[in-house]
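Colleague: Please walk me through the wording you use for this model. I want to see the cut-offs behind the terms.

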Amino acid sequence: MPPMDVYRVHLNSNKIIPLALGNMTAMVRRHRPDLLEMLNFNTPWLTERQILGDQAFLQRFEKPSIFLMSDYVWNLQAHTRLSRALKAVNPGHVIIHGGPAISYGTADFLQENAWVDFSVHGEGEVTCLELLTQWCTQRDYRKVPGLSFRENGQVVFGEKRERIADLALIPSPYLGGDLDALLPEFYCAVVETNRGCPYKCAYCSWGFYLRKVIKHDLDQVFAELEWIAAHHIPSLWIADANFGILERDIAITEHLCRLKERYGFPKNVITNFANNKRRSMEISRLLIGARIATSLGVAMQTTDETTLKNIRRKPVAEDYYLTLRDEYVRHQLPVMTHFIIGLPGSTYASFIKDIEFALTEKMYPQVFPAIVLPNTAMAEKEYRQRHGIVTEKFISRDYDEEWEVVVAAASFSREEYRRIHLYCAWLHFAVCYRTLKYLIYFAAVEQGRTQTQVLEDLLEKGVAETGKTGGAVRYPILRNIVMVLHAKAAEFFDQKICMVLRRNPRELYLAMDAGNEWAGFYQELAAIFKQDFGLPEDLLTTALCVQKSILPSRHHGVAEQLLDHDFRSYYFQEPRAGGRRSLRHFSGHMSFAVKDPKNICANVELVETGMRMLLNNFELDSPLWRNE
Ligand code: B12
Ligand code: SF4
């Protein structure tokens, strides 16, 4: 009998290596090469979402085959639709679903999806190997822990699978050539150096299931990294929950830096740092020195004590993030603070406090809506009841998936959540897209207010304008901005469409740039700052000049200007007891040269929607920002 084709499925719009499926393949090659006489893995990977609607393509799978579906929040619905369609093409197909989107503790997925033959719960490498072995041999699936299967029309939820104690069992799919077919297109490799997380955040599945941190073999990690560098893969995602939790992570980083020097790759490394100041600092310094750190993401989630307690998360120590932040800011690399909105315990006021904290510390807020994921404490009935969590099903626009989004809790109403959303969109437009970044800093310092108050004031002015018509409208551009952001927020709430929050301001920015609206926009701002905020004209002239010139736009060129104040020292000044000093204290000419080394002005619409790319690129090179 010819071997049965095995297809690996990970539909994803991001071209990021689907490591889990690579591992499953490598396990068979290493531990049961005999199965390769019955199983053919030399098949194309299924990674393009478009195949879902392509009936002609699906009809090609007429021969009974095995499908390994790797399910995450970004593809669960798509995978479920796909496996159903495939089973309809040939009921002889064997459909296997696994991944973090499948519940670890119940067989619900199999109960709900009659066409699925097997679901794998939790860590998959050994379970999948044993399942394929059974399929090729005795077909006694009761012998396979961590598996749900069908028997005499009934769903059987198998025994619990223990964690893999020795990860050396898992060979590298990179080194074994199992991922070669993806290489030309996939720009980001994923490497695990250890697996597990000792913490137990309520919204995350790791703390619920993978507590113990287990190491991968160091020599294998080194060899994998070398393979990735030698194959010129530009980006690397270190998948560890807390990189830097182990002393050896420094050696791993040193190795990466040597590889960068030798091969010029990877150009960019992304990871979650452990809450260990010394090691995270050392790793950061090494990566920055080798020019492979492009940004820092601090997983703050919130600074609110009640919320942190509710989500069972330890606060990130001030000393830790400030030290790290300083290192990145010194090298003019963006620092992002991740926040989750909609967590139990949070309010509009606590959200504003979080944002103020990020802005004061010169970190960019990156905001995510709270989604209830399977295998988390937040998904449990008792937890939801205790915190009055209300969720609704939303369509995720970016992934065409259905997500359970938290829309209210005991601490905040739907209305409050809606207000947070609008503010969030405005914040992204003003700060992440840099349209008001320096102006709000300026207004806050000069008026002794917080930056969030300035932002709130401006937003309120825009909201007030939306109620006016005809000649009563004083700020038509601001009015339009607020109307667009309002409409987007309404899309979220009324049509239940969940989207990456930074995307809406992007469309707005591009539309404004296409219409060359910047001069008019800053004229309106100048009027508000002068007339309503009472800011002195000479200082405002400097702040406006800085603000306007750093903005990427196809309508203005780069130039060198002479400012009447040293805006750089003003912007980077340390706060004193009485607050930051006025720009007036920084009189004296300053040459302010703006450059566009990446030619962003001519290509604004091409700027990536990804947060890191956005933050790195969406401000022109100047004494305030490096963009080379
Ligand atoms: C890299 C990564 C990404 C990449 C994409 C990865 C890719 N290949 O396409 C990017 C950056 C795009 C990403 C984005 C997001 N991510 Co992410 N990401 C990860 C990360 C760090 C690594 C994933 C990985 O490859 N791990 C290594 C593999 C080997 O392990 P694994 O994925 O756990 O798979 C094991 C099992 O699940 C199972 N398995 C998996 N597939 C299959 C298939 C079969 C057939 C079988 C049998 C078994 C099986 O076996 C594997 C080995 O034991 C994980 C955290 C982590 N360390 O795992 C989060 C994680 C996957 N992400 C998560 C989330 C929530 C997100 C976001 C929604 C975050 C957000 N708030 O926006 C976004 C997605 C959408 C968005 N809004 O942008 C969650 C997913 C939870 C879930 N239920 O799906 C995770 C688990 C983080 C967490 N701790 O909660 N992410
Ligand atoms: S959110 Fe991060 S720190 Fe918290 S349990 Fe998950 S992986 Fe661990």
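Modeller: The largest share of the shell around ligand 1 comes from helix 1, with five residues. Helices (H or I, at least four residues) and strands (E, at least two) are DSSP runs, numbered from the N terminus. This is a predicted model: local features need pLDDT of at least 70, side-chain atom pairs need 80 or more, and totals for chains, interfaces and linings use all residues. Residues are numbered from 1 along each chain as written, while chains are lettered from A and ligands numbered from 1 in the order written.

Colleague: Which residues come nearest to ligand 1?

Modeller: Ala 20, Ser 70, Gly 98, Gly 99 and Gly 124, out of 38 around the ligand. A residue is near if its C-beta atom, placed from the backbone, lies within 6 Å.

Colleague: Why do you say that ligand 1 lies between two domains?

Modeller: Domain 1 (4-167) and domain 2 (295-617) both give residues to its shell, so ligand 1 lies between them. The bounds come from an automatic or database domain assignment.

Colleague: Why are helix 19 and helix 20 called roughly antiparallel?

Modeller: Helix 19 (residues 518-532) and helix 20 (residues 537-549) pack at about 150°, with axes 11 Å apart. Axes are lines fitted to C-alpha atoms over the stretch in contact, and angles run from 0 to 180 degrees between N-to-C directions. Over 145 degrees counts as roughly antiparallel. Therefore helix 19 and helix 20 are roughly antiparallel.

Colleague: Which residues meet there?

Modeller: Among them are Trp 518 and Phe 529 in helix 19, and Leu 540 and Leu 544 in helix 20. Contact requires C-beta atoms, placed from the backbone, within 7 Å.

Methods
Angles under 35 degrees count as roughly parallel, over 145 as roughly antiparallel, 65 to 115 as roughly perpendicular and the rest as oblique. Two residues are in contact if their C-beta atoms, placed from the backbone, lie within 7 Å.
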